[in-house]
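User: I would like to learn how to read the features of a model like this one. Can we start where two domains meet?

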Amino acid sequence: MDFKLSKEQELLRDGLVKFLATRYDLETSRAAAKTGAGWQPEIWSGFADELGILGAALPEEVGGSGGGPVEMMVIAEALGQALVIEPYVDTVVVAGGLLRRAGGPVATSLLERIVAGTAVVALAATEAASGDNWTQVATVAERDGDGWVVRGAKIVAASAPLASHLLLTARTDNGISLFVVDLADAATGLQAHHYRTVDDRRASDLVVDGLRLPGSALLGEEGAAGPSLEQARDEGAAAICAEAVGCMRKVLDDTVEYAKQRQQFGQPIGSFQVLQHRMVDMYMELEQSVSAAYLAILNLEAEPAVRARAVSAAKATVGRAARFIGQQAVQLHGGMGMTEELAIGHYFKRLTALQYEFGSTDHHVTRYATLTRA
């Protein structure tokens, strides 16, 4: 099988890598994460206006380029290599996929705004009792005239503090439904506790108590959101597998370079065979992750069971590799590996968090075993 990128995909990758190398400074992004708004809106605007990456994997009908999973993989890997904290996966991959499948004028309008960089959309689906299952929903939406009243709670809504809109899951009379919430209009009935995560991202815990929504807030058919949510979760998992590959490439490169420069007993520590073996093991874990990420990406448009097996195999493989490569890199850097001054510490935190997003490593091992037996 040919895994080479097309000429257009190579140009997409090279343009994004160049933009990030010249415009995305790690120290500036960490300062924005810790003391500012949590991100750099001007970078997001650059993604839309200068690069067009926010629409690269979205349909042409909404202003996108009509690309697909491979374009998404190329973008996510480059963002991971630069440790970008702006919410590409949450807004474009997860929310964008849900909106695209829901269809209708509201979803189309919001997709157009995502492509233009004027809307940031986050999904609020996880609940305290749901764990890794987005379709276990206790939040309830009841009809109220022509609209809806929603009550419930959500936890760890990734990128919600940065969002202009939320996609909110709730149980209606006919099953699980998906609603869009314009946060500019949600003054009452929605309480949010925002916080910074260990990897310098932003998330929210939400309490929804009597939130009133218009009838147009329902996306797609009432009670039919379950399959789309499952697909969105797999798409998000595949995207962060690609992001993790980018992170691990950077971590391995920095570790090898450090081993060439760090002197011990009058020679570079990279000359010691035992450390060479550890870096080779890191390289092998990375290459396995690359193959696993390809497997997930190339099966995102397959039938659900095949897609689920491929994604779980990739997420489990990448989760194991992220843990191994991150820990080895920190150890080979010594005590400096966990400091704020070195990039390696920030990458280690992101690789740790990636192991649990869109399902933990253990969850995907179990899921893969279940699907394989079936």
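Analyst: This is a predicted model. Between domain 1 and domain 3 there are 3 salt bridges. In one salt bridge, the side chains of Arg249 and Glu77 come together at 2.8 Å, N to O. The cut-off for such a pair is 4 Å between a side-chain nitrogen of Lys or Arg and a carboxyl oxygen of Asp or Glu, so Arg249 and Glu77 at 2.8 Å qualify.

User: How many residue pairs are in polar contact across the interface of domain 1 and domain 3?

Analyst: The rule finds 4 residue pairs, with both residues at pLDDT 80 or more. On the side of domain 1 that touches domain 3, helices α2 (26-35), α4 (69-81) and α5 (88-102) each supply at least two residues.

User: Where do the domains begin and end in the domain assignment?

Analyst: The assignment gives 7-120 for domain 1, 122-223 for domain 2 and 226-373 for domain 3. Taken over C-alpha atoms, the centres of domain 1 and domain 3 are 22 Å apart. Their contact involves 21 residues of domain 1 and 26 residues of domain 3.

User: What area is buried between domain 1 and domain 3?

Analyst: The general idea first: interface size is often expressed as the accessible area lost when the parts come together. Here domain 1 and domain 3 bury about 1900 Å² between them, and carbon and sulfur atoms give 70% of that area. Of the area that domain 1 buries against domain 3, Gln81, Leu83 and Arg101 supply 26%, more than any other three residues.

User: Which residues touch the most other members of the largest nonpolar core?

Analyst: That core has 116 residues, and those touching the most other members are Leu20, Phe47, Tyr88, Leu123, Leu167, Leu211 and Met248. Helix α7 (residues 226-261) gives the most to the core, with 16 residues. As for Phe47, its contacts beyond four places in sequence are Leu16, Phe19, Leu20, Gly52, Ile53, Leu54, Leu79, Val84 and Glu86.

User: Does a polar residue call for another reading? Why does Ser177 count as buried?

Analyst: Buried means under 20% relative accessible area, and Ser177 counts as buried because its relative accessibility is 0%. Ser177 is part of strand β5 (residues 175-182). Its side chain reaches the backbone nitrogen of Gly223 at 2.7 Å.

User: Which residues is Ser177 in contact with, leaving aside neighbours within four places in sequence?

Analyst: Ser177 is in contact with Leu168, Thr169, Ala170 and Thr172, and also with Leu218, Glu222, Gly223 and Ala225. Gly223 therefore appears both in this list and as the partner of the Ser177 side chain at 2.7 Å, within the 3.5 Å cut-off for a polar contact.

Key: Residues numbered from 1 in each chain as written. Heavy atoms only, no water. Core = buried A, V, L, I, M, F, W, Y, C linked by side-chain atoms within 4.5 Å. Buried < 20%, exposed > 50% of the residue type's maximum accessible area, 1.4 Å probe, protein only. Helix = DSSP H or I, 4+ residues; strand = E, 2+ residues; numbered from the N terminus. Contact = heavy atoms within 4.5 Å. Polar contact = N/O pair within 3.5 Å; in protein donor to acceptor, adjacent residues only side chain to side chain. Domains from an automatic or database assignment. Buried area = accessible area lost by both parts, 1.4 Å probe.
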